[in-house]
Amino acid sequence: YYNHIDFITEGAVVPDLRRGLLNDRNESPRHYIDIEDFHIPISSLPKTTKEAYTKYDSAFLNKAGYLPWYIQNIMEKLTTAFTKRSKSEILFLSAELAHYVGDAHMPLHTASNFNGQFTDQKGVHALWESEIPEMFGNNYNFKTENAAYISDITAETWNIITHTHSLEDTLLLDEKKVRKIFNTDNMYKKDAAGNNVLSYNQPVFSDEYARQFNNAMNGMVEAQLRLSIQDVANYWYTAWVNGGSPELLSLDDEHLTSQNQKNYKLEYKAWSKGKLLNLSNEKE
């Protein structure tokens with residue numbers, strides 16, 4: 001994976017590009033599941049993809065989303081790719097899986113009120129998942145445990161969704177509290193002319209607003225990001241094990257692996273202390 005860290009990094013955002021730039025109609029529902037739209041407890045939802053499409057028709061799932069079931073689908077494909085030792089498929093599917101597992105850790109990706117549109121909190125989605133990590137990510141602790149084998153992919157996927165969804169109310173309540181101490185004059189960023197700065201036709205919250213919201217959540221964004229890193233590693237590792245634990249370095253040129261050793265050691269040492277080197281972000 002380290003030999004192809006650039007490909008993985010860039011590939012992990014491709015699902016958003018398919019949705020936003022290519023207007024792929026099949027893409028959007030892969031990124032979320034609106035739990036409330038099913039009108040039953042999470043514990044009663046179909047656990048596997050087959051069960052989901054037996055109980056619900058495609059039109060409904062395309063509206064309500066099917067993130068947890070799609071994660072299971074990608075895992076099956078990645079496992080097969082490891083079995084075949086197909087380098088291109090392993091890298092592509094690993095990047096894809098990383099995106100959807102990451103989405104599964106964002107509370108508003110599990111909620112019908114995905115952008116606070118029902119509670120007069122529009123813009124909270126991008127504030128949580130983009131603005132806050134961009135502002136404070138350099139101070140996050142990224143240290144995780146070693147990758148662990150997942151004995152039951154279906155159960156683990158739903159454990160993640162259940163935990164993530166449990167944070168929705170706290171997230172929205174914390175933002176409501178912060179919103180009460182701001183007004184339209186200091187809530188959003190302003191340009192030189194005094195007009196609201198817009199992103200995707202939506203006002204961008206001020207740095208102070210983001211800071212207050214981040215403080216109110218007491219580290220939720222950092223904790224969820226770290227969990228997502230751990231879980232991506234666990235899913236990759238599990239697919240590799242279930243795919244027969246194939247030896248993979250021989251798929252790369254020996255010179256490439258040798259060339260990357262020095263930087264790998266430097267980055268591994270930094271990560272062991274919770275830091276990432278060359279950390280940067282691309283504006284949405």
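Thr144 makes its contacts (heavy atoms within 4.5 Å), leaving aside neighbours within four places in sequence, with Arg226, Ile229, Gln230 and Trp271. Thr144 is found in the loop between α7 and α8 (153-165), where helices (H or I, at least four residues) and strands (E, at least two) are DSSP runs numbered from the N terminus. With a relative accessible area of 8%, Thr144 is buried; buried stands for under 20% relative accessible area, exposed for over 50% and partly exposed for what is in between, with a 1.4 Å probe and protein chains only. The model is a predicted one, in which local features need pLDDT of at least 70 and side-chain atom pairs count only at pLDDT 80 or more, while totals for chains, interfaces and linings use all residues. Residues are numbered from 1 along each chain as its sequence is written, and side-chain values use heavy atoms, with hydrogens and water left out.

A second buried threonine, Thr110, has a relative accessible area of 0% and is found in the loop between α6 (87-103) and α7. Neighbours within four places in sequence aside, Thr110 is in contact with Ile33, Asp34, Ile35 and Glu36, and also with Ile161, Thr164 and His165. From Thr110 to Asn183, 73 residues apart in sequence, the C-alpha to C-alpha distance is 29 Å.

Helix α7 itself covers residues 124-136 and bends by about 30° at Ser130, with a proline, Pro133, following within four residues. The bend at a residue is the angle between axes fitted to the seven residues ending there and the seven starting there. Ser130 is also one of the buried residues of α7, a set that further includes Val124, His125, Leu127, Trp128, Glu131, Ile132 and Phe136. Their cover includes α9 (168-179), α10 (207-217) and α11 (220-242).

Turning to the backbone, most residues other than glycine have a negative phi. His39, not a glycine, has a positive phi of about 60°. The residue is found in the loop between α2 (14-20) and α3 (49-55), and His39 is exposed, with a relative accessible area of 71%. Asn218 likewise has a positive phi, near 55°, without being a glycine. Asn218 sits in the loop between α10 and α11 and is exposed at a relative accessible area of 72%.

Another exposed loop residue is Asp185, whose relative accessible area is 62%. Asp185 lies between α9 and β1 (198-199), and its C-alpha atom is separated by 9.9 Å from that of Ser206, 21 residues apart along the chain.

As for the whole protein, there are 12 helices and 2 strands, running from the N terminus as α-α-α-α-α-α-α-α-α-β-β-α-α-α. The radius of gyration is 20 Å, close to the 19 Å that the globule rule gives for 284 residues, so the protein is as compact as a globular protein of that length. This radius is taken over C-alpha atoms, and the globule rule is 2.2 Å times the number of residues to the power 0.38. Along its principal axes, the C-alpha trace spans about 60 × 50 × 35 Å. Buried residues make up 44% of the 284. Among contacts between residues at least 6 apart in sequence, 75% join residues at least 24 apart.
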